[in-house]
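This report describes the strands, hairpins and core of one protein chain for a reader who meets the structure here. Please keep the sequence and the model in view while reading.

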Amino acid sequence: ALRAEGSMARLSATGLVVAVVVAVIGCHVALAPAAATAVAVDEPRFVIEGRLTLPAQVQQPIDGLPTTKISVNGGEFTTYTRPDGTFKVNDVPAGKHMVEAYSREYVFPVARLQITSDGQRAVHMYAFPGAAKTKGHYPLTLEAVSPATYFEKREPFNVLGMLKSPMVLMMIFMVGMIVCMPKMMDNMDPEQKAEMEKMQSQMGGGGDLMSMFKEALGAEDEKKPEAVEDAGARGKRSKRARR
């Protein structure tokens, strides 16, 4: 009986400790959102305002600019423009923010906006990612840089482009050599000209390439009758053998 009472006392003490630990953890979990909310309430929030515009030389749409998505910090805050091109982003904390406009018709610059805790704003504009920055003004004014293009324009026929082709350059060089070689041969010294003709005769047996081709074709034509005669002789022999 004494042992049973001791074990029950130990179990009750252990249960009490576990209950206290669970209660403490529950209090922390319950108070954490409240503390975060208090910090969020104390943090100042600001508004980002701006407008999308088109260059003066571009014809303005009658119905106003199409609805365009405005993204802050890569989608952390988003909104859409009104028909007049204005936009507003609420509840933005202090810090550095990148403001971008996603349009299907035009390409707009990127604005880098820095907001201090006291509400001061500094703006720098980038015509495109990686371009040199320029100082901007607040409220933001994002003027379209160019129309959005999705297809490459086919290049027209260009003679200079053809002349830059390696094959065309090789053809021009060969034609130039064919035209200039005879003139160069005429201007050579008699001794050099004789040596050149001798080398050509040793290489092909003729004075030029045409003669080499003619000799090659002539040799083939001479071989054909011989082949025909050999075939005829074989036919006669086979007939005699049959008899």
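The model is predicted, and the mean pLDDT of the protein chain is 75, with 66% of its residues at 70 or more. Over residues 35-40, pLDDT stays under 50, and the model shows zero contacts for this stretch beyond four places in sequence.

**The three-stranded sheet**

One open sheet consists of three strands in the order E4-E1-E10, and its pairing is mixed. Strand E4 (86-93) and strand E10 (140-143) each have a single partner strand and stand at the edges, so one side of each is left without a neighbour in the sheet. On average, neighbouring strands of this sheet are turned by 25° against each other, direction ignored. Strand E1, which covers residues 45-53, pairs with E4 in the antiparallel sense over six bridges. Within this pairing, arginine 45 has proline 93 of E4 as its bridge partner.

**Antiparallel pairings and hairpins**

Further antiparallel pairs are listed below, each with a bridged pair of residues.

| Strands | Bridges | Residues facing each other |
|---|---|---|
| E2 (residues 69-72) and E3 (residues 77-80) | four bridges | isoleucine 70 and threonine 79 |
| E2 and E5 (residues 95-102) | four bridges | lysine 69 and tyrosine 102 |
| E7 (residues 110-115) and E8 (residues 121-126) | six bridges | leucine 113 and valine 123 |
| E8 and E9 (residues 133-135) | three bridges | tyrosine 126 and lysine 133 |

Strand E2 thus appears in a pairing with E3 and in another with E5. Strand E8 likewise pairs with E7 and with E9.

Several of these pairs are hairpins. E2 and E3 are separated by four residues, and asparagine 73 in the turn has a positive phi of about 60°. The hairpin of E7 and E8 has five residues between the strands, among them glycine 119, with a positive phi near 95°. In the hairpin of E8 and E9, six residues lie between the strands, and glycine 130 takes a positive phi near 95°.

**Serine 71 in strand E2**

Is serine 71 buried or exposed? Its relative accessibility is 1%, and a residue under 20% is classed as buried, so serine 71 counts as buried. This residue belongs to strand E2. Its side chain reaches the backbone nitrogen of glycine 75 at 2.8 Å. When neighbours within four places in sequence are left aside, the contacts of serine 71 are Phe77, Thr78, Met98, Val99, Glu100 and Tyr102.

**The nonpolar core**

Which residues of the largest nonpolar core touch the most other members? The core has 23 residues, and those with the most such contacts are Ile48, Leu52, Val99, Phe108, Leu140 and Leu142. Two or more residues of this core come from each of the elements E1, E2, E4, E5, E7, E8 and E10. Val99 is also one of the residues in contact with serine 71.

Leucine 52 can be followed in detail. Leaving aside neighbours within four places in sequence, leucine 52 is in contact with Leu65, Thr68, Ile70, Thr81, Asp84, Gly85, Phe87, Ala101, Phe108 and Leu142. Among these partners, Phe108 and Leu142 are themselves listed with the core members that touch the most others. Another partner, Ile70, is the residue that stands opposite threonine 79 in E3.

How values were computed. Residues are numbered from 1 along each chain as its sequence is written. This is a predicted model: local features need pLDDT of at least 70, side-chain atom pairs count only at pLDDT 80 or more; totals for chains, interfaces and linings use all residues. Side-chain values use heavy atoms; hydrogens and water are left out. Two strands pair if DSSP finds at least two bridges between them. Axes are lines fitted to C-alpha atoms, for helices over the stretch in contact, and angles run from 0 to 180 degrees between N-to-C directions. pLDDT is the predictor's confidence in each residue, from 0 to 100. Contact means heavy atoms within 4.5 Å. Buried means under 20% relative accessible area, exposed over 50%, partly exposed in between (1.4 Å probe, protein chains only). A polar contact is a pair of N or O atoms within 3.5 Å; within protein, one must be able to donate a hydrogen and the other to accept it, and residues adjacent in sequence count only if both atoms are side-chain atoms. A nonpolar core is a set of buried Ala, Val, Leu, Ile, Met, Phe, Trp, Tyr and Cys residues joined through side-chain atoms within 4.5 Å.
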